[in-house]
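This report describes the fold of each chain, the packing of selected helices, and the nonpolar cores. The sequence and structure come first.

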Amino acid sequence: MTPAARLDATFQALADPTRRAILARLATGEASVNDLAHPFAMSQPAISKHIKVLERAGLVTRGRDAQRRPVRIEAAPLAEANGWLEDYRRLWEANFQRLDALLEELQAVIPTRDKN
Amino acid sequence: MTARTPFTTQVTTPSDREITVTRSVRAPRELVWRAYTDPALIPRWMLGPPGWSMPVCEIDARVGGAYRYLWRSDADGTEFGLAGVHREVDFPGQLVATQAFEPDMMGGESLVSSDFNETAAGVTTIVTTILYASQEIRDAAAASGMADGMEAGYQRLEGLLADVAA
């Protein structure tokens, strides 16, 4: 897969709320398809379909254990999907810009020791 | 200082389980402390992406004191919360608290440390370090910001496509 196609697959995989919930669950540790199907009130085949999409995007891998074939999260493609820290940073920056405005407003009312 | 160069937010990953966010603001740290601990002030800035409000903000800024924040989406009423207990409260320099999601999507508790240092006259540098229970949880927490942003992006795209089709 080209990097662009990979990124596309990652974004497509993440665009679905069930798949994001599956990833959130897997962030706490590997799980079998059965374990994953349980909280979603979904059939095993439906969950398997979602897992296939995540697997194709490289976001999860399946273990070798023939019985359980546990599903594991793969953090690398998420990190590669370059919004990773940048979008996280932007979330904080939005907060800090509101904090800037609030602090300015508070200082306009309360004279601070640094003003002279 | 006459020219007011804007401060920028820096995000680093000092270890596998940590994220550090650094940002300076133009205010003495006593005032920054107030913005971080006063339940009347927190909902005015700690809001995350656009379109969210904080209808519940409870905080007891004492060692052992609890806090609880609840955010609500203006668009569809979706809610999510963060709650925890203060471990260290050292006015006006450091706040350390546990943090867990409500409902617990990420499994487990993280530890959030906010340090306030006056690095120049009237300038406070805020260093926030979040220590997650595991690397996987840290990565998922950071990536969830991306997923939320994309969800909004996809919704805008859907709206646009609906307009085009109409």
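## Sheet, helices and cores

In chain B, eight strands make up an open antiparallel sheet, ordered E1-E2-E8-E7-E6-E5-E4-E3. The model is a predicted one. Strand E1 (10-12) and strand E3 (52-59) of chain B are the edge strands, each with pairing on one side only. From one strand to the next, the twist averages 20°.

At the E1 edge, E1(B) and strand E2 (residues 18-25) of chain B are joined by three bridges in the antiparallel sense. In that region B:Thr12 has B:Thr20 in E2(B) as its bridge partner.

Helix H1 (residues 29-37) of chain B lies across the sheet strands E2, E3, E6 (94-102), E7 (110-120) and E8 (123-131) of chain B. The helix runs at about 155° to E7(B). The elements of chain B amount to two helices and eight strands, and along the sequence they follow β-β-α-β-β-β-β-β-β-α. Chain A has six helices and two strands, in the pattern α-α-α-α-β-β-α-α.

The table lists chain totals for burial and for sequence-distant contacts, where the last column gives the share of contacts with a separation of 6 or more that join residues 24 or more positions apart.

| Chain | Residues | Buried residues | Contacts 24 or more positions apart |
|---|---|---|---|
| Chain A | 116 residues | 31% | 47% |
| Chain B | 166 residues | 24% | 35% |

Two helices of chain A pack against each other as follows. The axes of helix H3 (residues 33-40) and helix H4 (residues 44-56) of chain A come within 9 Å, crossing at roughly 110°. With angles of 65 to 115 degrees counted as roughly perpendicular, H3(A) and H4(A) are therefore roughly perpendicular to each other. On the H3(A) side the contact involves A:Val33, A:Asn34, A:Leu36, A:Ala37 and A:Phe40. These meet A:Gln44, A:Ile47, A:Ser48 and A:Ile51 in H4(A). By type, the residues of the contact between H3(A) and H4(A) are six nonpolar, three polar and no charged.

Helix H2 (residues 17-26) of chain A is mostly covered, with seven of its ten residues buried. The buried residues of H2(A) include A:Arg19, A:Arg20 and A:Arg25, along with A:Ile22, A:Leu23, A:Ala24 and A:Leu26.

Which residues have the most contacts inside the largest nonpolar core? They are A:Leu99, A:Leu103, B:Val25, B:Val32 and B:Ala35, in a core of 25 residues. At least two core residues each come from helix H6 (83-109) of chain A and from E2, H1, strand E4 (66-73) and E6 of chain B. H6(A) supplies the largest share, seven residues.

Around B:Val32, leaving out residues up to four places away in sequence, the contacts are A:Leu103, B:Val25, B:Ala27, B:Phe116, B:Thr124 and B:Ile126. Apart from the largest core lies another, of 20 residues, among them A:Leu14, A:Ala24, A:Leu26 and B:Ala140. Of these, A:Ala24 and A:Leu26 are also among the buried residues of H2(A). As a general point, nonpolar side chains in soluble globular proteins tend to be buried together.

Definitions and conventions: Residues numbered from 1 in each chain as written. Chains lettered and ligands numbered in written order. Predicted model: local features only at pLDDT ≥ 70, side-chain atom pairs only at ≥ 80, totals over all residues. Axes fitted to C-alpha atoms, helices over the stretch in contact; angles between N-to-C directions. Helix = DSSP H or I, 4+ residues; strand = E, 2+ residues; numbered from the N terminus. Parallel < 35°, antiparallel > 145°, perpendicular 65-115°, else oblique. Contact = placed C-beta atoms within 7 Å. Nonpolar A, V, L, I, M, F, W, Y, C, P; charged D, E, K, R; others polar. Pairing = 2+ DSSP bridges. Buried ≥ 20, exposed ≤ 12 C-beta atoms within 10 Å, placed from the backbone. Core = buried A, V, L, I, M, F, W, Y, C linked by C-beta atoms within 7 Å.
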